[in-house]
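Welcome! Here is a short briefing to read alongside the sequence and the model, so keep both in view as you go.

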Amino acid sequence: MSAVGHPSGAGLAPLARTVLLAGHVTLDRWEGGLEPGGTVSYAARTYLGLGARVRAITAAGPDFPTDALAAAELSIAPAGRTTTFVNRYDEAGVRTQRVEAVAPPLDPALAPAGWLEADLVHLAPVIGELDLGAWLAAVRAPFVGLGIQGCVRAVAPDGAVIQPPWRPAPEALRGVHAACVGEDDLRGQGDLLERLVAAIPVVAFTHGEHGCDLFLRGRALRIGAYETREVDPTGAGDVFSAAFFLGLAEGLEPADAARLGAGAASIVVEARGAAALDRIAEARARAAGVLVLPG
């Protein structure tokens with residue numbers, strides 16, 4: 001049974017959870033070189049820092065430093081090269097991306113015995129590498145979270161990242177308990193947000209430093225952000241989603257889970273890349289400083 005909607009469990013110790021992550025790790029090219037990235041990388045370290053056991057199914061080449069995933073257990077499909085992005089931010093903070101390499105798609109059959117029976121499954125595609133229907137049919141978990149980013153992105157012939165319209169039918173999302181979607185994900189996507197809200201019990205629509213809108217089956221809440229000094233926004237959405245999903249799986253009310261996500265996101269932006277994630281356990285204390293407002 002899903003933990004969504006359970007009492008918050010305030011005052012209780014967090015429950016140990018086994019998390020399964022599925023999606024590509026990446027290498028992100030910046031001035032000065034390559035850094036490990038992708039939702040799986042950021043989310044794995046977030047889950048680990050918040051007390052969960054983490055398993056990850058991914059694809060990578062010999063160019064990826066697997067120690068970037070800390071103590072996560074890994075099932076890695078071999079690739080000639082790791083999926084590699086070139087990221088650019090303009091003065092307004094809008095990101096554009098190009099792709100230098102893409103690893104092969106990920107099939108649930110890659111999962112070692114027992115891995116598909118996790119407490120929490122986080123489907124975290126970055127560039128269409130997961131067949132959503134196949135994964136939802138294969139996993140056997142009380143809670144499944146979905147990151148929308150990789151469902152709406154594709155690679156153009158010249159390597160540019162494009163966002164062809166994604167219009168999933170309600171039945172295609174059956175089995176997803178919560179989803180996270182960012183402002184960038186909805187560019188050119190028409191009524192996608194409305195489709196997600198109608199089909200998925202809990203949807204967080206994130207707005208970076210401006211917090212998020214939380215949609216809960218017919219009602220909406222506005223969740224603020226934890227005020228901090230931003231150095232690098234990379235990974236904020238990935239870290240938010242991991243902490244948010246973990247909070248829901250632990251039995252937190254959705255608003256409190258989103259506050260945990262906001263607290264976690266505020267930490268990762270305080271340094272370049274994933275450098276601040278060693279402090280991610282501070283997110284539980286920071287969550288108390290995140291405001292919940294009427295939608």
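The protein carries 24 positive and 33 negative side chains, and the centres of these two sets lie 2 Å apart. Keep in mind that this is a predicted model. Its secondary structure comes to 6 helices and 16 strands.

**Overall shape and surface**

- A compact globule of 295 residues would have a radius of gyration near 19 Å, and the protein's value of 17 Å agrees with that.
- Along the principal axes, the C-alpha atoms fill a box of roughly 45 × 45 × 40 Å.
- Of the 295 residues, 56% count as buried.
- The exposed area is about 12,400 Å², and carbon and sulfur atoms supply 54% of it.
- Among contacts with a separation of 6 or more, 63% are between residues 24 or more positions apart.

**Strand S1**

- Strand S1 covers residues 18–22, and 5 of its 5 residues are buried, so the rest of the structure largely encloses it.
- In a regular strand, side chains alternate between the two faces of the sheet.
- On one side of S1 you will find Thr18, Leu20 and Ala22, and on the other Val19 and Leu21; all of them are buried, so both faces of the strand are covered.

**The partners of S1**

- S1 runs parallel to strand S4 (residues 53–60), and 5 bridges join the two.
- To spot this pairing, look for Leu20, which stands opposite Arg55 in S4.
- S1 also pairs with strand S8 (residues 120–123) in the parallel sense, over 4 bridges.
- Here the place to look is Leu21, which stands opposite His122 in S8.

**Helix H1**

- Helix H1 spans residues 39–49, and 9 of its 11 residues are buried, so it too is largely enclosed by the rest of the structure.
- The buried residues of H1 are Thr39, Val40, Ser41, Tyr42, Ala43, Ala44, Arg45, Thr46 and Tyr47.
- These buried residues pack against the strands S1, S3 (33–37), S4 and S8, and also against helices H4 (236–249) and H5 (254–268).

**Two backbone angles to look up**

- After H1 comes Gly51, which has a positive phi near 100°.
- Ala70 has a phi near 50°, a positive value in a residue other than glycine.
- You can find Ala70 in the loop between S4 and strand S5 (73–78).

Notes
Residues numbered from 1 in each chain as written. Predicted model: local features only at pLDDT ≥ 70, side-chain atom pairs only at ≥ 80, totals over all residues. Heavy atoms only, no water. Rg over C-alpha atoms; globule rule 2.2 N^0.38 Å. Buried < 20%, exposed > 50% of the residue type's maximum accessible area, 1.4 Å probe, protein only. Contact = heavy atoms within 4.5 Å. Areas by Shrake-Rupley, 256 points an atom, 1.4 Å probe, with all protein chains shown as cover. Lys, Arg positive; Asp, Glu negative; His and termini not counted. Charge placed at Lys NZ, Arg CZ, Asp CG, Glu CD. Pairing = 2+ DSSP bridges.
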